[in-house]
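User: I am new to reading protein models. Let us go through this one with short questions and answers.

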Amino acid sequence: MSARRIPSSTDAVRPRASGPLSITLDGESFDGVDGQTLAGVLLGCGRMSWRATSSGARPRGVFCGIGVCFDCIAEVNGERDVRLCQRRASNGDELRTQRDLPPVPVEDPDTADHADPAGRADGATS
Ligand code: FES
């Protein structure tokens, strides 16, 4: 067990039994204990980052740890944009690193086609 991982049975405020669990990130296995967040499992195993910024590909993991910054997001069991510092780990969780979606193209108002998408020339709505 890592020195960073403290079993919930030794919690001074609310001790409870804790069992082992295992999650994967991009197929790599990480072991933790019940009660940890997904970020806690990764950090407890020494994994400090699991995402890269879209600009500059700089590594990101936990920054605020309280659900505010969204630096810790990843895909969890097929759900995108999960903040790993806020999601309690469950045995068998499958995490995938995710890339930012491609930027949405911005229309140039001077060249945008303002034609009615329904093809009506009179601008009628129904
Ligand atoms: S570390 Fe900031 S939202 Fe998770």
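User: What percentage of the 126 residues in the chain is buried?

Analyst: This is a predicted model: local features need pLDDT of at least 70, side-chain atom pairs count only at pLDDT 80 or more, and totals for chains, interfaces and linings use all residues. Residues are numbered from 1 along each chain as its sequence is written. A residue is buried if 20 or more other C-beta atoms lie within 10 Å of its own, exposed if 12 or fewer, and partly exposed in between, with C-beta atoms placed from the backbone. Of the 126 residues in the chain, the buried share is 21%.

User: How many helices and strands does the chain have, and in what order do they run?

Analyst: Helices (H or I, at least four residues) and strands (E, at least two) are DSSP runs, numbered from the N terminus. The count is one helix and seven strands. Read from the N terminus on, the order is β-β-α-β-β-β-β-β.

User: In what order do the five strands of the open sheet lie?

Analyst: Strands of a sheet pair through backbone hydrogen bonds, either parallel or antiparallel. Two strands count as paired if DSSP finds at least two bridges between them. In this open sheet the pairing is mixed, and the order is β2-β1-β7-β5-β6.

User: Which strands stand at the edges of that sheet?

Analyst: Look for strands with a single partner strand. Such a strand has one side left without a neighbour in the sheet, so it stands at an edge. The two strands that fit are β2 and β6 (79-83).

User: What is the average twist from one strand to the next?

Analyst: Axes are lines fitted to C-alpha atoms, for helices over the stretch in contact, and angles run from 0 to 180 degrees between N-to-C directions. From one strand to the next, the twist averages 40°.

User: Which residue of β2 stands opposite proline 20?

Analyst: β1 and β2 (residues 28-33) pair in the antiparallel sense, over six bridges. They form a hairpin with two residues between them. Opposite proline 20, in β2, stands valine 33.

User: Is aspartate 26 buried or exposed?

Analyst: Aspartate 26 sits in the loop between β1 and β2. Its phi is positive, about 50°, although it is not a glycine. Within 10 Å it has 11 other C-beta atoms, so aspartate 26 is exposed.

User: Where is asparagine 77, and how exposed is it?

Analyst: Asparagine 77 lies in the loop between β5 and β6. It is not a glycine, yet its phi is positive, about 50°. With 13 other C-beta atoms within 10 Å, asparagine 77 is partly exposed.

User: Which residue in β7 is the bridge partner of leucine 25?

Analyst: β1 and β7 run parallel and are joined by two bridges. β7 (residues 94-96) also pairs with β5, in the antiparallel sense, over two bridges. In that second pairing, valine 76 stands opposite leucine 95. The bridge partner of leucine 25 in β7 is leucine 95.

User: How far is glutamate 79 from leucine 95, C-alpha to C-alpha?

Analyst: Glutamate 79 is in strand β6. It is exposed, because 9 other C-beta atoms lie within 10 Å. Glutamate 79 and leucine 95 are 16 residues apart along the chain, and their C-alpha atoms are separated by 9.2 Å.

User: Which element supplies the largest share of the largest nonpolar core?

Analyst: A nonpolar core is a set of buried Ala, Val, Leu, Ile, Met, Phe, Trp, Tyr and Cys residues joined through C-beta atoms within 7 Å. The largest one has 18 residues; Ile23, Leu38, Ala39, Leu42 and Leu84 have the most contacts inside it. β1 (20-25), α1 (38-44) and β5 (73-76) each supply at least two residues of this core. The largest share, five residues, comes from α1.

User: Which residues does leucine 84 touch?

Analyst: Two residues are in contact if their C-beta atoms, placed from the backbone, lie within 7 Å. Leave out residues up to four places away in sequence, and leucine 84 touches Thr37, Leu38, Ala39, Leu42, Cys72 and Ala74.

User: Is arginine 51 buried or exposed?

Analyst: Arginine 51 is found in strand β3 (residues 49-52). Beyond its neighbours within four places in sequence, it is in contact with Arg60, Ile73, Ala74 and Thr97. It has 20 C-beta neighbours inside 10 Å, so arginine 51 counts as buried.
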